[in-house]
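Please work through the exercises below with the sequence and the coordinates open beside you, and try each task before reading its solution.

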Amino acid sequence: MTISLDDVHRIAHLARIEIDGAEAEEVRAKLDAIFGLINELNAIDTAGVVPMAHAQDVALPLREDRVTETDRHRLYQGVAPAVEDGLYLVPKVIE
Amino acid sequence: MMTSSLADLSRALAERRLSSVELTQAVLERIARINPTLNAFVTIDAEHALADARAADARRAGGEAGPLNGIPIAHKDVLMTAGLRTTCGSRMLENFVAPYDAHVVAGLKRAGTVLIGKTNMDEFAMGSSNETSYFGTVKNPWNVACVPGGSSGGSAAAVAARLVPGATGTDTGGSIRQPAAFSGITGLKPTYGICSRYGLIAFASSLDQAGAFGQTAEDCALLLNAMAGHDPRDSTSLDRPAEDYTRLLRARGSPHDGAQPLAQLRIGLPNEYFGAGSDPDVAAALDTALAEFRRLGAKIVNVALPNVNLSVPVYYVIAPAEASSNLSRFDGVRYGHRAAKYDDLADMYKKSRAEGFGAEVKRRILVGTYVLSHGYYDAYYLKAQQVRRLIADDFRRAYEKCDVIMGPTAPSTAFRFGAMTGDPVQMYLNDIFTTAANLTGAPAMSIPCGFDRSGLPIGLQIQGDYFAEAQILDVAHRYQQATDWHQRSPALNAGRGTRSL
C-alpha cells in the first residue's frame, strides 16, 4: 500500500479540496491502485538520463518590455462570482 | 448531401450547388432530431450559426471565399468561444461565458466556418469514455449502449453521426484519436506547438494539443490549415513557415490506375503494439489494413520501442502533476463555481472545488498534488520525465528505419457504459497506444480500418516524426482512396427505421 488515509487528508488539504470521512477510504483505494500502476517506473534504470520537460527543445521567446495589454477588467470580471467597484470579493481574512 | 465529407461539401459550396444557409439549416434540423439521443452537444447556437452562414454566402457572392467558407463546424467545449458558454464538461464552468476566442477558434472563424455549437466532453478532458462529463454521457452513434470514447467524445460522435462535417478536439493522451477510432471517423493530433494553446483551457500544458475530426484525412488537412500558425500569446507555439497540409493529397495518381502511390513508404511495425492484449478483431482488421498498404506499394519494417509500454505510467504522473497546478486557478474567486455556504476563505476554496469538480478530476488533482509534494518530486515527477526521454529516444531511433509507425489506436473497440468506471487503472490502460505521441510531441492520427463482429468501428493509428502532418495525412488519404471504411456511417443516418433510434 502506497497511499494511507493520512496521505489522502494531507494532499486534499494541499489541493484545497474538501473530502469527508465517508469518501476518504474510496479515494484512498483508487489512488492506491493508480500508484500501483505508477510504481512500475521504479524498476527502470534512469541513471544519467536527462529529464524531458517538453516536446520541443526550444528556448522561451522574449519580447520587448512594454505594455501590450489593454484594460479589460470589466469584461473579465463579468464572469466572476462576486465583484464590487472593480474588486473581487472574498470572505474577510483580516480581523 | 448532408452526409457528404467536409471536402465534398466545400466543393459543393464552391460550385454553388448549395448555399451555406441551406447547409446550416439542414445541419440544425438534423441535430435537433438526433442529438437528444446522442447528447453530443452541450450548447447549440442556431441564431448565430445562421447569421454566420448568411455572412459566408455574402462573402462567396463577393468572390472572397476560401475552402472552409460556409462550412458548419463544432468546437469541443474546452476551447473558449467569445460570448458563448464554455463549460469544459464541468459543473465548475457550468455558466462560464468565455470572454475571448481561443486561437484555433479565431483561425477557423477567419476561414469562414459557421459555428454550430459546443460539444460534450469528459470533464476537463480527463477521461477515455465521456462518462465523466457533468452534462451526461455521449452515446456512440454505432451502438447507443456503448461509449463514444473520450475525452473529445461529443465532437467524435457528432462527426460520426453526420451532425456536422467537421469538429475540433484536443488530445492530451489520446483524446482525439481514441474517440475517432471508437466512432469510426478520422482524427488528427498535430505536432505539439503547431496549434496555439491560447484559449484552450489547460489540462496538462506540456501535452495538450488541439486537432481536428472529419470523415477523411482531406477534411482534417483543410481544418488544420486554418488552425495552425504561430501565436505569440502561447510561449510554446512554434514559429515556422506556414504549410498547406493538403499539398501532398493533390499529387500523384489514383491507386485505381494500377500505380503504387506509397511505393517509397516504409511502415514501421513495433512488436510492442502487436502482442497479447489487443482484441482479436482489432488485430485482424490491422492485418487486413497492412495488406492494403503493401498493395499500395509500402514496405513493412520491424522496429523496436522497448520503453513504449511505460507510456501510461509516465503519462499518469506528468498529466496529473501539470493538471494539479493548472486547475488550482479554479478557486471560486475570479470565475467558475463558488459554494453557497462556507466559513472563511480557505473553506470557500475547499467547498467550491469539492462541489465544482467531479470524482475523476479530483482524483487526478490529488495524484498530481502527491507526486509534486515535498519529498516525492524526484521519485515521481523527475523519474517520469526521465522515462519520457527514454520513450522519445525509442521513437527517434525507430524513425531512422521507417517513415511512419502503424498499429491499433486502441486495444479494443468501444466498450459499454459502466464497464470501466469502477476501475480507473483499467480505464487508463485504454490509452496504451496513444499516450506516447503526447509524451514525444509528435503527430499521430486515427483512421477507420474495419469493424468488429458486433459492428463497432476499429481505428488504425498512423504516427509520424515531428512536423510530418502532411505526410501522415497523405498516407491516410491514399488508403482512403483505395478503401471505403471512412464512408461507412451508422444506421441512424438512414433517418428512418433505424435500429437504435
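The exercises that follow treat a strand, a few backbone details, the overall form of one chain and the contact between two chains.

This is a predicted model, in which local features need pLDDT of at least 70 and side-chain atom pairs count only at pLDDT 80 or more, while totals for chains, interfaces and linings use all residues. Residues are numbered from 1 along each chain as its sequence is written, and chains are lettered from A and ligands numbered from 1 in the order in which they are written.

**Exercise 1.** Determine which strands pair with β2(B), and in which sense.

*Solution.* Begin with the element itself: β2(B) covers residues 72-76, where helices (H or I, at least four residues) and strands (E, at least two) are DSSP runs numbered from the N terminus. Next, look for partners, bearing in mind that two strands pair if DSSP finds at least two bridges between them. β2(B) pairs in the parallel sense with β3(B), residues 114-119, over five bridges, and two bridges join β2(B) to β4(B), residues 166-170, again in parallel. A74(B) illustrates both pairings, since its bridge partner in β3(B) is G117(B) and its bridge partner in β4(B) is A167(B). Then follow the chain between strands: β2(B), helix α4(B) (residues 103-110) and β3(B) make a right-handed β-α-β unit, right-handed meaning that, with the strands pointing away from the viewer, the path from the first strand over the helix to the second runs clockwise. Finally, check the surroundings: five of the five residues of β2(B) are buried, a residue being buried if 20 or more other C-beta atoms, placed from the backbone, lie within 10 Å of its own, exposed if 12 or fewer, and partly exposed in between.

**Exercise 2.** Decide whether R16(A) is buried or exposed, and do likewise for D85(A).

*Solution.* First locate R16(A), which lies in the loop between α1 (5-14) and α2 (21-38) of chain A and has a positive phi of about 55 degrees although it is not a glycine. R16(A) counts as buried because it has 21 C-beta neighbours inside 10 Å. D85(A), in the loop between β1 (83-84) and β2 (87-88) of chain A, also has a positive phi, near 50 degrees, without being a glycine. D85(A) counts as exposed, because the number of its C-beta neighbours inside 10 Å is 5.

**Exercise 3.** Describe the make-up of chain A and how spread out it is.

*Solution.* Chain A has three helices and two strands, in the order α-α-α-β-β from the N terminus on. Its radius of gyration is 22 Å, well over the 12 Å that the globule rule gives for 95 residues, so chain A is more spread out than a compact globule; the radius is taken over C-alpha atoms, and the rule is 2.2 Å times the number of residues to the power 0.38. Along the principal axes, the C-alpha atoms of chain A fill a box of roughly 55 × 45 × 25 Å, and buried residues make up 18% of its 95 residues.

**Exercise 4.** Find which helix of chain B gives the most to the side that touches chain A.

*Solution.* Start from the totals: 53 residues of chain B are in contact with 38 residues of chain A, contact meaning that C-beta atoms placed from the backbone lie within 7 Å. At least two residues of this side of chain B come from each of α9 (311-326), α10 (345-356), α11, α12 (377-398) and α13 (424-428). The most comes from α12(B), with 11 residues.

Methods. Contact = placed C-beta atoms within 7 Å.
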